[in-house]
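Reader: Please show the model, and then let us go through its domains and its symmetry.

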Protein chains: 2
Amino acid sequence: MRPWLALRYLHIDFEEVRIPLFTPGYKEKLRAYSSAGLVPIYRDDDITIWESLAILEYLAEQNPRLWPKEPHHRAVARAVSAEMHAGFQALREQLPLNCRARRRRIPITANVGKNVSRIVEIWAQCRNLRRSEGPWLFGEFCIADAMYAPVALRFATYGVTVGSTAQEYIDTVMKDPYIARWMAEAANEDESIDAYEHIGNTG
Amino acid sequence: MRPWLALRYLHIDFEEVRIPLFTPGYKEKLRAYSSAGLVPIYRDDDITIWESLAILEYLAEQNPRLWPKEPHHRAVARAVSAEMHAGFQALREQLPLNCRARRRRIPITANVGKNVSRIVEIWAQCRNLRRSEGPWLFGEFCIADAMYAPVALRFATYGVTVGSTAQEYIDTVMKDPYIARWMAEAANEDESIDAYEHIGNTG
């Protein structure tokens, strides 16, 4: 979902190849695209890139507006994106992305609670920097939003209770037309979209 | 270790603040530098950055030679760096970095074995691209080397048996004067350097 969202925001045309995960032969199909066996994979002519964050940096080289323009803000955006890329395992495991569910309450374990607190703290730190310039983490949409949008969806799905600053951000994500389109497409798929989120944690 | 190594390669002067982890009050000390509570943390005037990968991208903006110059190679370097940033949990947990040990053989579990195979595959893929230009992953030293040097040290520490291409790379890492200096400094510390590697997985 993450690179998908950035590509939509950049109005870059692309063809999607869906590989239903955890079905017979899926590993071989994946490996035909990339030896890492991870999704998503982005192909641009003869360049094949895997790992969301690497794909997003590749797109940002050609479209610098994918990162905030101030070096200080860009550094924070990269730090929170890297933190999401590698962390928050409890949240990923216990609150899987489900595009059909809404406000499905489940008990929040201590580890998920810590993940939620840290994410709320990150959103507040980012939004404090350029709040007047727009409703996204750094005002305008950037890679940090591509990284955190799936988390906002999870919070909405599971009715995670947060303060008003965090809820504002969740509302921004839920109202976004590209995200709505992605959710609708995902809900119509036979295969579970969870898989895209879980495998390799690069969703 | 990762940003440390890149800073040394760039001949950038910096002051080190060591925070012994898992000692009384260490969390508060860490949080005084960054709310993420993760090490390493890099400070440049009023800019505070956490997460190795974000620090390294920040340094690369000012010093583009930290990434390979060809867009295709740079994309691969970013992908393998992101893969290391988020993955290889079994290896991190079961083969902790130990600066005093050498060829300490331990049984390799199936999951560590898979990590080792994938890492060896990554090194071969990278080294095939610019082998004639130097002994590092993309010829000259780059961020991908900063990310994989600690792994090469682990392979050496635990006497992991690999093919000649991978062994060549391990030898390059083991012979590097900056890495030798880092190892010597770490071996003289009271606190275990393992902690730097484990907390937040951003070593």
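Author: Domain bounds here come from an automatic or database domain assignment. The model is predicted: local features need pLDDT of at least 70, side-chain atom pairs count only at pLDDT 80 or more, and totals for chains, interfaces and linings use all residues. Residues are numbered from 1 along each chain as its sequence is written, and chains are lettered from A and ligands numbered from 1 in the order in which they are written.

Reader: What separates the centres of domain 1 and domain 2 of chain A?

Author: Chain A is divided into domain 1, residues 2–63, and domain 2, residues 67–182. Taken over C-alpha atoms, the distance between the two centres is 22 Å.

Reader: Which element gives the most to the side of domain 1 of chain A that touches domain 2 of chain A?

Author: Contact requires that C-beta atoms, placed from the backbone, lie within 7 Å. On that basis, 10 residues of domain 1 of chain A meet 12 residues of domain 2 of chain A. Helices are DSSP runs (H or I, at least four residues), numbered from the N terminus, and α1 (2–9) and α3 (52–62) of chain A each give two or more residues to this side of domain 1. The most, 6 residues, come from α1(A).

Reader: What relation links chain A and chain B?

Author: Copies are superposed by least squares on the C-alpha atoms of residues with pLDDT of at least 70 in both. A turn of 180 degrees and a shift of 0.0 Å along the axis lay chain A on chain B with an RMSD of 0.0 Å. Therefore the relation is that of a two-fold axis.

Reader: Which residue of chain A comes closest to the rotation axis?

Author: The distance is taken at the C-alpha and is 2.1 Å. The residue is Ala86(A).

Notes:
Contact = placed C-beta atoms within 7 Å.
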